[in-house]
Amino acid sequence: MRLSDAVHVLEFEGPFRGTRVTVHPVLLVDPQGPLLVDTGLPGQGDTLRRLLAQKGVELAQLRWLVLTHQDLDHIGNAPEVARGSPAEVCAHAQDAPYIEGQRTPLKLAPERLATLAPEARAFFEEWAEHPPRVRVARRLEDGQRLPVAGGVRVVYTPGHTPGHLSLYLEAHRVLIAGDALVVADGQLRGPRPEVTLDMEEAMRSVAKLAELEPEFVVCYHGGLFGPGAAARLREIASAGA
Ligand SMILES: [Zn+2]
């Protein structure tokens, strides 16, 4: 789905934990080179290449890769992007050690996997043995601006993971929320407790996002919501869940 010439919400569909799911990386097109936000489901680099090609972008042209956080379904094809492009890989310092492989990704930790149903556990255990790893060239901080697509503001939104980032496209009033929010059944909703490591912190992050008053929100799970996202976001923030 194309929000403007510069903002493309990708529909990345594929197998994940025993079922088929759709996730939504975002491609920002800019004369200086494209920026990709998150990389799709692990081990499916061909799908990512195909989706980029549909937008007229080759993997090798990517200039930036922003990883919103360390989870497998977001960093899945980051190693392939790093191998196949000169893209500068960016993430928050709190999640970088997990993305770089210095620490076991938090949701692949044995004590967390032990709580899952057998099929999902087997899937994640396999990935836990060889998680995707990529060097993070640039640590992004809250409030930083990237000179892409009319200006992208980095918004630090911890809770889902300690280093979760969102991006706000000021010129377009589009919020790329990663997993800080979800869209389900056509409605914008707060973070999912079962996959959120710190709900209190995640709700503080939602309040921070509401202050941006975005017209559109793109969630990695559920895709695009809007126009009129600001009012719904205020509702979620004031309900506290
Ligand atoms: Zn996710």
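**Getting to know the chain: sheet, helices and Ala-180**

Four bridges tie strand 12 to strand 15 (residues 216-219), and the two run parallel. This comes from a predicted model.

Colleague: Let's stay with that pair. Which residue of strand 15 does Val-174 stand opposite?

Modeller: Strand 12 covers 174-178, and strand 15 covers residues 216-219. Across that pairing, the residue in strand 15 that stands opposite Val-174 is Phe-216.

Colleague: And the sheet those strands sit in: which strands are at its edges?

Modeller: The sheet is open and has six strands, in the order 9-10-11-12-15-16, with mixed pairing. An edge strand pairs on one side only, and that picks out strand 9 (145-146) and strand 16 (223-225).

Colleague: Just past strand 12 there's Ala-180. Is Ala-180 buried or exposed?

Modeller: Ala-180 lies in the loop between strand 12 (174-178) and strand 13 (182-184). A residue needs 20 or more other C-beta atoms within 10 Å to count as buried. Ala-180 has 29 of them, so Ala-180 is buried.

Colleague: How far apart in space are Ala-180 and Tyr-220, C-alpha to C-alpha?

Modeller: In sequence they are 40 residues apart. In space, C-alpha to C-alpha, the distance between Ala-180 and Tyr-220 is 9.1 Å.

Colleague: Which residues of helix 7 does Ala-180 touch?

Modeller: Helix 7 spans residues 199-210. The contacts of Ala-180 include Thr-157, His-160 and Pro-191, and also some that fall in that helix. Those are Ala-202, Ser-205, Val-206 and Leu-209.

Colleague: Helix 7 also meets helix 8. Are helix 7 and helix 8 roughly parallel or roughly antiparallel?

Modeller: Their axes come within 9 Å and cross at roughly 150 degrees. The crossing is left-handed, and Val-206, Ala-207, Leu-209 and Ala-210 in helix 7 meet Leu-233, Arg-234, Ile-236 and Ala-237 in helix 8. Angles over 145 degrees count as roughly antiparallel. The two helices are therefore roughly antiparallel.

Colleague: Stepping back, how many helices and strands does the chain have?

Modeller: The C-alpha atoms fill a box of roughly 45 × 40 × 30 Å along the principal axes. The secondary structure inside the chain comes to eight helices and 16 strands.

Colleague: What is the radius of gyration of the chain?

Modeller: The globule rule gives 18 Å for 241 residues. The chain comes close to that, so it is as compact as a globular protein of that length. The radius of gyration is 16 Å.

Colleague: Last one: what share of the residues counts as buried?

Modeller: Among contacts with a separation of 6 or more, 62% are between residues 24 or more positions apart. Of the 241 residues, the buried share is 44%.

Methods. Residues are numbered from 1 along each chain as its sequence is written. This is a predicted model: local features need pLDDT of at least 70, side-chain atom pairs count only at pLDDT 80 or more; totals for chains, interfaces and linings use all residues. A residue is buried if 20 or more other C-beta atoms lie within 10 Å of its own, exposed if 12 or fewer, and partly exposed in between; C-beta atoms are placed from the backbone. Two residues are in contact if their C-beta atoms, placed from the backbone, lie within 7 Å. The radius of gyration is taken over C-alpha atoms; the globule rule is 2.2 Å times the number of residues to the power 0.38. Two strands pair if DSSP finds at least two bridges between them. Axes are lines fitted to C-alpha atoms, for helices over the stretch in contact, and angles run from 0 to 180 degrees between N-to-C directions. Angles under 35 degrees count as roughly parallel, over 145 as roughly antiparallel, 65 to 115 as roughly perpendicular and the rest as oblique. A crossing is left-handed if the near helix is turned anticlockwise from the far one by less than a right angle, and right-handed if clockwise. Lists of a residue's contacts leave out its neighbours within four places in sequence.
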